Amino acid sequence: MSLLDRFLEKVQKSADPAGCWMWIGSKRNEYGGIKVNGVVKQAHRVAYTLYHGEIPNGLVLLHSCDNQLCVNPDHLTPGKQLDNVQDMLAKGRATPFASPRSPIPPQQVAEMRQAKAGGKSVRWIAREWNVPRSTLRGLLAK
């Protein structure tokens with residue numbers, strides 16, 4: 001079975017031709033994942049490559065729909081990480097932090113640790129403070 005066929009088996013396309021293609025396969029780090037030559041790759045990056053060709057070195061893919069599980073290649077645009085951060089800030093999906101060297105102010109870190117000690121999940125804390133869970137895992141383990 002070709003990679004395209006395996007990929008499409010894990011996609012649920014919207015009835016709207018311009019809508020999202022939702023990844024219904026395995027997920028890894030809040031994105032879809034698919035094995036390519038024995039290595040798990042992010043599904044949206046595989047989608048872009050299958051439909052548009054290689055992603056230029058050093059670039060990330062920006063989701064115009066802001067949906068991490070969307071793999072519609074028409075919703076994906078290569079850009080620099082700075083473009084991605086600026087897009088997140090402009091759309092209100094993240095807030096700028098006090099210092100680039102310390103992404104989360106110490107007071108917020110203390111509040112997050114207190115919430116975790118009080119029984120709140122990392123998922124709940126991530127939603128409450130609008131911080132990626134991947135950032136919190138290491139931060140709250142300390």
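The following exchange examines how descriptive terms apply to this predicted model.

Reader: What makes up the secondary structure of the protein chain?

Author: The protein chain holds six helices and seven strands. Along the sequence, these elements follow the pattern α-β-β-β-β-β-α-β-β-α-α-α-α.

Reader: Why are strand E3 and strand E5 said to stand at the edges?

Author: The sheet is open, with three strands in the order E3-E4-E5 and antiparallel pairing. Strand E3 (27-28) and strand E5 (39-42) each have a single partner strand, so one side of each lacks a neighbour in the sheet.

Reader: How do you know that E4 and E5 are paired?

Author: Pairing requires at least two bridges between two strands. Strand E4 (residues 31-36) is joined to E5 by four bridges, and the two run antiparallel; the pair therefore meets the criterion. One of the residues involved is Ile34, whose bridge partner in E5 is Lys41.

Reader: What is notable about the backbone of Asn37?

Author: Asn37 has a positive phi of about 55 degrees, although it is not a glycine. This residue lies in the loop between E4 and E5, and the hairpin formed by those strands has two residues between them.

Reader: Why is Asn37 called exposed?

Author: The term exposed applies over 50% relative accessible area. Asn37 has a relative accessible area of 77%, and is therefore exposed.

Reader: Where does Asp66 lie, and why is it described as partly exposed?

Author: Asp66 lies in the loop between E6 and strand E7 (76-79). Its relative accessible area is 32%. Partly exposed covers the range between the buried limit of 20% and the exposed limit of 50%, so Asp66 is partly exposed. Asp66 also has a positive phi, of about 60 degrees, although it is not a glycine.

Reader: Why does His63 count as buried?

Author: Buried means under 20% relative accessible area. His63, which lies in strand E6 (residues 60-63), has 9% relative accessibility and therefore counts as buried.

Reader: What makes the approach of His63 to Cys70 close enough for a polar contact?

Author: The side chain of His63 reaches the backbone oxygen of Cys70 at 3.2 Å. The distance limit for a polar contact is 3.5 Å, so the value of 3.2 Å falls within it.

Reader: Which residues does His63 touch, leaving aside those up to four places away in sequence?

Author: With that exclusion, His63 touches Tyr31, His44, Gln68, Cys70, His75, Leu76, Asp87 and Lys91.

Reader: How do you know that His44 is buried?

Author: His44 is placed in helix H2. Its relative accessible area is 4%; the buried class lies under 20%, so His44 is buried. Not counting residues up to four places away in sequence, His44 touches Tyr31, Leu61, His63, Cys70, Val71 and Leu76.

Reader: What makes Leu50 eligible for a nonpolar surface patch as regards its accessibility?

Author: Residues of a patch need over 30% relative accessible area. Leu50 has 33% relative accessibility, and so counts as partly exposed and passes that limit. The place of Leu50 is in helix H2.

Reader: Which residues make the nonpolar patch, and which helices supply them?

Author: Leu4, Leu8, Leu50 and Tyr51 make a patch of about 290 Å². Helix H1 (3-9) and helix H2 (43-52) each supply at least two residues of this patch.

Reader: How many residues apart in sequence are Leu69 and Gly33, and how far apart are they in space?

Author: Leu69 and Gly33 are 36 residues apart in sequence and 9.6 Å apart in space, C-alpha to C-alpha. Leu69 is in the loop between E6 and E7. Leaving aside neighbours within four places in sequence, the contacts of Leu69 are Trp21, Met22, Trp23, Lys27, Glu30, Tyr31 and Gly32.

Reader: What can be said of the protein chain as a whole?

Author: Buried residues make up 29% of its 142 residues. Among contacts with a separation of 6 or more, 42% are accounted for by residues 24 or more positions apart. The accessible surface comes to about 9,100 Å², and 51% of it belongs to carbon and sulfur atoms.

Definitions and conventions:
Residues are numbered from 1 along each chain as its sequence is written. This is a predicted model: local features need pLDDT of at least 70, side-chain atom pairs count only at pLDDT 80 or more; totals for chains, interfaces and linings use all residues. Side-chain values use heavy atoms; hydrogens and water are left out. Patches are made of residues with over 30% relative accessible area and no salt bridge: like charges are joined within 9 Å, nonpolar side chains (Val, Leu, Ile, Met, Phe, Trp, Tyr) within 5 Å. Accessible areas come from the Shrake-Rupley method with a 1.4 Å probe; for residues, only the protein chains shown count as cover. A salt bridge is a side-chain nitrogen of Lys or Arg within 4 Å of a carboxyl oxygen of Asp or Glu. Buried means under 20% relative accessible area, exposed over 50%, partly exposed in between (1.4 Å probe, protein chains only). A polar contact is a pair of N or O atoms within 3.5 Å; within protein, one must be able to donate a hydrogen and the other to accept it, and residues adjacent in sequence count only if both atoms are side-chain atoms. Contact means heavy atoms within 4.5 Å.
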